[in-house]
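User: Please walk me through how the helices and strands of this model are arranged. Keep it brisk.

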Amino acid sequence: YGGAPYRKGVGGHGVVALIEGRPGKCFTWRADCDGLPVVEQTPVDYASKNGCMHACGHDAHTAMALGAASLLMKRKDELNGAVKILFQPGEETGNGANAMIADGCLENPHTDFIVGLHAGSIAPHDWPAGTFGYYPGAFMSFLDSWQCTIAGKGGHGAFPSLAVDPVLIAARVIDAWQSLVSREQSATKPMVLSVCKVRTPGAAFNIIPETCVLSGTARALSEEERCRIEERMRKMAELIAEASGATAELVWTRGAANLVNDPAATEEVVAIGRELFGDEAFLRVPLPTTGGEDFAGYLLKGPGTFLLMYTPSSHGPTPQHSPRFEIDDGILWRGAAMAAGKLVKVPTAWMDEHETFLMWYAKEKGWDKEAGLDVEIKYFNSGADILNALPSGEWVFAGMGAVPAMLGALRYNMSVIGL
């Protein structure tokens, strides 16, 4: 962390870095860092080989936070306050944030303002790459899961009349549940009910099992809707099972709260971002999302906001949690600059109004000379090395993902060709 003190083992496996400047308030930036049990199918040479991958972009979040930490450490004497950076595990399970909060990650010093960001293809796909998305108010859903066990009477597959088939009853329940969103929920209010797993423990091709277990997730934006869908799912399952001579038990697990961005905090962060990147770089997300985020736990403790950052791969957007998920790590510097820009003035004279940075390829093609630039190409092994090598006022943010950063060091008073 460039010399920043840090505490590890927070909430289990979390890390909290602290960068202190002059006395003042504490700004906190959260970066989740966990992966998923997905077998990677991307064509990149750094693809995971162990059956797990970063299929949701959390490695990018960590890279951006490390870039911001390096920048802030170089200018910590200018900080009007302190910056905490949370490297949080367990977002995908929905309990990582609360575990770190319980272990004091928001205290010593107390967090006055917190921001999180999610990269990938969650934002609208017609946005330019590198665009940030914001939404004041209720932005993401409750992150609930459930399991429904239907108990019938097992028997031989050749003699179904002697059994009570829980698989058939489960099919009826699944079908009936679909009307809860399509016919009982307002079309203007997002809600999701997904049956994601159906299993019959110990069954075989010629055995009607004793039980059939359904499991999945339900997403709602308000507490009222959350309670209503739970009640209706339970009642439907119980009555359908009873009508067929079986029983149904629904177990509901309440996960992360719905994510509600503080409007004033959102407005402040957007104003900082637009000063850095221009008005067109920050767009309001059209509608709330039924995705869930345990970052909501931090927002229950104080003001803050959660942003999106559109980072599609070079061959187009790929869905989160897909084995083919990729991002363009060449634009991650924007997230690092955003994280640092809350407390220090990030030089922007080297940034073109619309583009990103000058790659070494421009030098190879001679395009720098055509544009009247005197560009020196330097090669580095990592984004952190770049930040350490450049003098004050000559900053370049690199892609800090898996590919080596090969960027030209630009003089502070020069413009940039964006490629």
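Analyst: Two strands count as paired if DSSP finds at least two bridges between them. The model is predicted. Ask away.

User: In what order do the eight strands of the open sheet run?

Analyst: The sheet is open and has eight strands. Its pairing is mixed. Strands of a sheet pair through backbone hydrogen bonds, either parallel or antiparallel. The order is 1-2-4-3-5-16-6-15.

User: Which strands stand at the edges of that sheet?

Analyst: An edge strand here has a single partner strand, so one side of it is left without a neighbour in the sheet. Two strands fit: strand 1 (6-10) and strand 15 (282-284).

User: By how much are neighbouring strands of this sheet turned against each other on average?

Analyst: Direction is ignored for this value. The average turn between neighbouring strands is 25°.

User: Which residue in strand 4 is the bridge partner of valine 15?

Analyst: Strand 2 (residues 14-20) and strand 4 (residues 80-88) run antiparallel. Six bridges join them. For valine 15, the partner in strand 4 is phenylalanine 87.

User: What angle does helix 1 make with strand 3?

Analyst: Helix 1 (residues 58-74) packs on the sheet. It touches strand 2, strand 3 (22-32), strand 4, strand 5 (113-120) and strand 16 (304-310). Its direction and that of strand 3 make about 160°.

User: At what angle does helix 5 run to strand 16?

Analyst: Helix 5 lies across strand 5, strand 6 (132-134), strand 15 and strand 16. Its angle to strand 16 is about 40°.

User: How does helix 5 stand to helix 7: parallel, antiparallel, perpendicular or oblique?

Analyst: The axes of helix 5 (residues 263-277) and helix 7 (residues 333-340) come within 10 Å and cross at roughly 125°. Roughly perpendicular covers 65 to 115 degrees, and roughly antiparallel needs over 145. That angle therefore makes helix 5 oblique to helix 7.

User: How many nonpolar residues are in the contact of helix 5 with helix 7?

Analyst: From helix 5 come Val269, Ile272, Gly273, Leu276 and Phe277. They meet Trp333, Arg334, Ala337 and Met338 in helix 7. One residue of the contact is polar and one is charged; the nonpolar count is seven.

User: Is the crossing of helix 3 and helix 4 left-handed or right-handed?

Analyst: The axes of helix 3 (residues 166-182) and helix 4 (residues 223-243) come within 10 Å, crossing at roughly 145°. By class, their contact has 11 nonpolar, one polar and two charged residues. The crossing is right-handed.

Terms used: Residues are numbered from 1 along each chain as its sequence is written. This is a predicted model: local features need pLDDT of at least 70, side-chain atom pairs count only at pLDDT 80 or more; totals for chains, interfaces and linings use all residues. Side-chain values use heavy atoms; hydrogens and water are left out. Axes are lines fitted to C-alpha atoms, for helices over the stretch in contact, and angles run from 0 to 180 degrees between N-to-C directions. Helices (H or I, at least four residues) and strands (E, at least two) are DSSP runs, numbered from the N terminus. Angles under 35 degrees count as roughly parallel, over 145 as roughly antiparallel, 65 to 115 as roughly perpendicular and the rest as oblique. Contact means heavy atoms within 4.5 Å. Ala, Val, Leu, Ile, Met, Phe, Trp, Tyr, Cys and Pro count as nonpolar, Asp, Glu, Lys and Arg as charged, and the others, Gly among them, as polar. A crossing is left-handed if the near helix is turned anticlockwise from the far one by less than a right angle, and right-handed if clockwise.
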